Amino acid sequence: MAIDIEVIETSSLGDRSYLASDGQVAVVVDPQRDIDRILDLVNRKGARITYVLETHIHNDYVTGGLELARATGATYVVGAGDEVEFERLAVGDGDEISTGTIRLRVLHTPGHTHHHIAYALHSSDGNGEIQAVFTGGSMLFGATGRTDLLGPEHTDELTHAQYHSVRRLAAELPGTAEVLPTHGFGSFCSATPTSGDSSTVAEQHTANPALTLQEQDYVDTLLAGLDAYPAYYAHMGVINKRGPEPVDLSLPEPVDAAELRHRLEAGEWVVDLRERTAFAAGHLAGTLAFELSANFVTYLGWLYQYGTPLTLIGDTQDQVADARRELVRIGIDVLSGAATGDITALAGNQPLRSYPVTDFAGLAAARKERAIRVIDARRNDERAKSSVSESIHIPLHELADRLGEIPDGEVWVYCGSGYRASIAASVLDRHGHQLVLVNDAYDHAEQAGLIQS
């Protein structure tokens with residue numbers, strides 16, 4: 001009989017957590033900070049969480065593992081090699097965890113971190129067959145976890161270790177075992193893009209570069225594919241080793257129009273969560289556009305200076321609550337307040353700012369009429385493939401430090417979809433630039449004849 005495994009998606013960070021249950025007891029692997037989702041799920045199943053397992057000290061989110069263990073009375077399991085400031089069950093290679101009919105074996109799989117571990121889950125039918133393996137940031141779907149998060153002095157060693165860890169999993173586990181990674185669904189913790197939504201060990205034999213390439217070829221390929229990762233990662237490991245504080249999902253204090261204006265005049269971070277074209281059509285001067293959609297928390301966390309006063313503007317309280325949930329996942333716990341409702345009312349008697357929105361066809365047409373400057377806000381790896389001719393490349397995460405490179409006059413901004421360009425446009429608007437937002441899929445740039453050969 002197979003153990004029931006539920007996937008808990010956190011698509012905004014590109015991660016998955018897992019709940020495995022035999023109907024009576026359950027274990028949770030790599031839980032996110034907002035543990036209410038897991039508690040609701042386990043309550044619906046009528047089971048009891050007895051173990052909470054971490055595959056590694058996470059760099060891309062604040063774990064909910066410690067709080068979940070304390071809330072449920074479960075045993076908190078962390079790799080023995082990781083130095084932490086809280087009580088846990090330290091496990092190492094070959095250790096076993098048993099609860100009810102659930103049995104897991106610990107495998108040391110260094111690479112993503114030095115002390116990374118995977119958990120091989122046995123089926124409960126008595127034959128001892130491995131049903132699945134929780135691989136964390138080692139074996140992903142057609143990729144592996146990145147190996148540069150602990151500093152450049154460790155990257156080469158960890159990359160070689162990652163190669164051998166994935167090969168160990170492939171050698172020791174049956175081909176039928178389901179691969180259940182934490183990263184690889186858009187997470188920057190993946191060294192290269194992943195493929196597919198599910199996989200087995202057998203399928204990885206022909207899809208995973210650690211299994212299809214020779215060791216040095218794998219190392220060279222992985223290192224060549226590494227690009228910048230979000231700046232907020234620097235804070236995650238510190239919080240997770242210390243032990244996160246209990247999560248607070250309550251709504252921030254309401255802020256009126258006069259107080260909003262005061263905070264903006266003081267240069268504080270006031271973030272507008274509304275849809276990007278609504279922001280462009282009318283917004284408070286000095287606000288920053290971080291549309292509350294799939295990439296919200298990644299890019300806000302990337303640009304935000306931790307500890308800076310942060311106020312939110314949203315259409316509704318539900319929108320603010322959703323943003324609050326996203327922000328606590330990366331350790332932004334303190335919000336200075338929030339304002340909701342009609343943007344004109346929130347502006348008081350102050351005029352709104354705005355800028356035009358168009359697509360790549362509009363950019364092509366404008367270029368035929370007048371001289372304009374174009375900013376490419378994409379990452380280095382995207383730029384290396386192709387770009388709009390004569391565009392200036394300033395990745396979004398570098399923009400604040402390179403404002404002096406923005407030319408005078410009319411500036412058009414694009415990215416891969418319009419999302420990052422909308423953030424960049426709001427930053428430039430804050431500094432008084434004349435803007436046009438290209439809100440369009442990059443594929444359309446070629447159709448418009450804009451790509452340089």
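I began with the largest cavity, which holds about 50 Å³ of space, and I kept in mind that I was working from a predicted model. Searching the whole structure, I found one cavity of 30 Å³ or more. I then listed the residues lining the largest cavity, and these are Glu54, His56, Ile57, His58, Thr63, Tyr76, Val78, Phe86 and Asn240. Sorting that lining by residue class, I noted four nonpolar residues, four polar residues and one charged residue.

Next I turned to helix H13, which spans residues 360-369, and looked up which of its residues are buried; I recorded Phe360, Gly362, Leu363, Ala364 and Ala366. I also asked myself what covers the buried residues of H13. The cover includes two helix or strand types, and among the strands I noted E16 (357-358), E17 (373-376), E19 and E20 (434-438), while helix H16 (443-447) also takes part. At the N-terminal end of H13 I found a cap provided by Asp359, with a side-chain oxygen of Asp359 placed 3.3 Å from the backbone nitrogen of Ala361.

Strand E19 (410-414) led me to the loop that runs between strand E18 (392-393) and E19, and in this loop I located Arg402. I checked the side chain of Arg402 for polar partners and noted a polar contact with the side chain of Glu405, at 2.9 Å. Setting aside the neighbours of Arg402 within four places in sequence, I entered His393, Ile394 and Pro395 as residues in contact with Arg402.

Notes: Residues numbered from 1 in each chain as written. Predicted model: local features only at pLDDT ≥ 70, side-chain atom pairs only at ≥ 80, totals over all residues. Heavy atoms only, no water. Helix = DSSP H or I, 4+ residues; strand = E, 2+ residues; numbered from the N terminus. Polar contact = N/O pair within 3.5 Å; in protein donor to acceptor, adjacent residues only side chain to side chain. Contact = heavy atoms within 4.5 Å. 1 Å grid on protein atoms, 1.4 Å probe; cavity = no way out; pocket = protein on both sides within 12 Å on 5 of 7 lines; lining within 4 Å. Points joined across faces, edges and corners; volume = space filled by probe spheres on them. Nonpolar A, V, L, I, M, F, W, Y, C, P; charged D, E, K, R; others polar. Buried < 20%, exposed > 50% of the residue type's maximum accessible area, 1.4 Å probe, protein only.
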